[in-house]
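Dear colleague,

Please find below the structure that I am handing over to you. My notes on it come after.

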Amino acid sequence: MINVPKGTKDVLPSDSYKWQYVEGVAREQAKLYNFKEIRTPVFEHTELFLRGVGDTTDIVTKEMYTFKDKGDRSITLKPEGTAGVARSFVENGMAGGALPAKMYYIIPAFRYERPQAGRLREFHQFGVEVFGASGAETDAEVISLADSLLKKLGVQVRLYINSIGCPTCRKAYNEALKAYFAPHLDNLCYDCKTRYEKNPLRLLDCKEEECKKINAGAPSILDHLCPDCKAHFEKLKAYLKEAGIDYEINDRIVRGLDYYTRTVFEFVSTAIGAQGTVCGGGRYDGLIAQLGGGNVPGVGFAVGIERLLMLIEKNGDTIVEEKPTVYFVGMDEDCRKKAFSLCTALRAQGVWAEVDHMTRSVKAQFKYADKIGAKYVAVLGGNELEKGEVSVKAMATGETQSVAFAALNAFFQDK
Ligand code: HAM
């Protein structure tokens, strides 16, 4: 037997309705906030992620699915959605169109991580990106969209916000970080020694216990923001407060990707174990320029769909699966043939109908109808065939009535 690759999962027909529901709600919320869908390729040139996500991040240094294609090009399966959307924005000249450009996506993403509950090698994201608007009200809007989606799905999370400043104030902050970490260098993990040299902000993102202890005493970025970044953060807080969106400030949130500037945020749950961050995002005002597209600001987030579903399941079965309206039982071959044609006609009229495919006994057909949860069973025997009607049983009440072939469509339309 060939198994599914480690860190990946099938979504089985018995579960796919949950995905469809969550994706449906996400699309609906995106529409209410006036976002349009964008679809970009599953793989991109590796260089996009080196430049976009950042070559000192764990994602780029350890986790990418990178390979040479037959034309000797270095290709990477996308580890996240933002870089591809930003590439498309630049390549398609969207800066010349209506701004802000507001887009959403539902994608598979790939990271070679150690699998555990809520952490997969292939996972799925619902994400949004806004390009062209630099104000904190846009940060508030994307946070509001994530918040409304999570509320609509009934999941309990906390919103944490932070500002990691702009390249100007970050320079001074990086110096302060280096000064703080210098006496602790020997006690830092191997990766953090590199982070210290190349990207000190990343030091705050380390998951090693020893490093986390040292991090606790590090200076706060919020004490190092320049006046513009400070004003931006104050405005964001005011907008969130006015809109009634609860948040907590957490100055240790730096996010695992290098493109962020100013606002960063995460929605975190404590109900699903260590991988509790359901949604992460922030502002990335330098990304489009980094990709050769000029000075266009951006902000967005992504929600992990698997983690979202874990949270929804924790709440009990809140997503209800829809069931077929009617199942046709045919007593003999002639009846089965007629049942097939009646079923086909109903389907053409938009009625969700099913018919036996296994030449089962009548009893077994009823059993199957029950199994698939059909709301009605329409029985067709010799008598009914002669009279041109079916005997329709409502499964919930057991009530039975005869319905003429010609009246079936009208009978089932609103059921
Ligand atoms: P991220 O924090 O790397 O951000 O991922 C966003 C979400 O994807 C996480 O909060 C989590 O729910 C889910 N996720 C990430 N890795 C895994 C994994 N290995 N297994 C299962 N779920 C996972 C980004 O990807 C940014 N592109 C978000 C963004 C959009 N920022 C601005 N715009």
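The following notes deal with one helix and then with one sheet.

This is a predicted model, in which local features need pLDDT of at least 70 and side-chain atom pairs count only at pLDDT 80 or more, while totals for chains, interfaces and linings use all residues. Residues are numbered from 1 along each chain as its sequence is written, and side-chain values use heavy atoms, with hydrogens and water left out.

Helices (H or I, at least four residues) and strands (E, at least two) are DSSP runs, numbered from the N terminus. Helix H4 (residues 82–91) is mostly covered, with seven of its 10 residues buried (under 20% relative accessible area, 1.4 Å probe, protein chains only). Among these buried residues are Val-85 and Phe-89. Their cover includes strands E2 (43–45), E5 (101–110) and E6 (122–131), together with helices H2 (46–52) and H10 (287–290). Gly-93, just after H4, takes a positive phi of about 60°.

The sheet is open and mixed, its five strands running in the order E13-E12-E14-E15-E16; strands count as paired if DSSP finds at least two bridges between them. At the edges, E13 (353–355) and E16 (400–404) each pair on one side only. The twist averages 30° from one strand to the next, with axes as lines fitted to C-alpha atoms, for helices over the stretch in contact, and angles from 0 to 180 degrees between N-to-C directions. Helix H12 (residues 333–348) packs on the sheet and touches E12, E13, E14 and E15, where contact means heavy atoms within 4.5 Å. The direction of H12 makes about 160° with that of E13.

With kind regards

Technical notes: Buried < 20%, exposed > 50% of the residue type's maximum accessible area, 1.4 Å probe, protein only.
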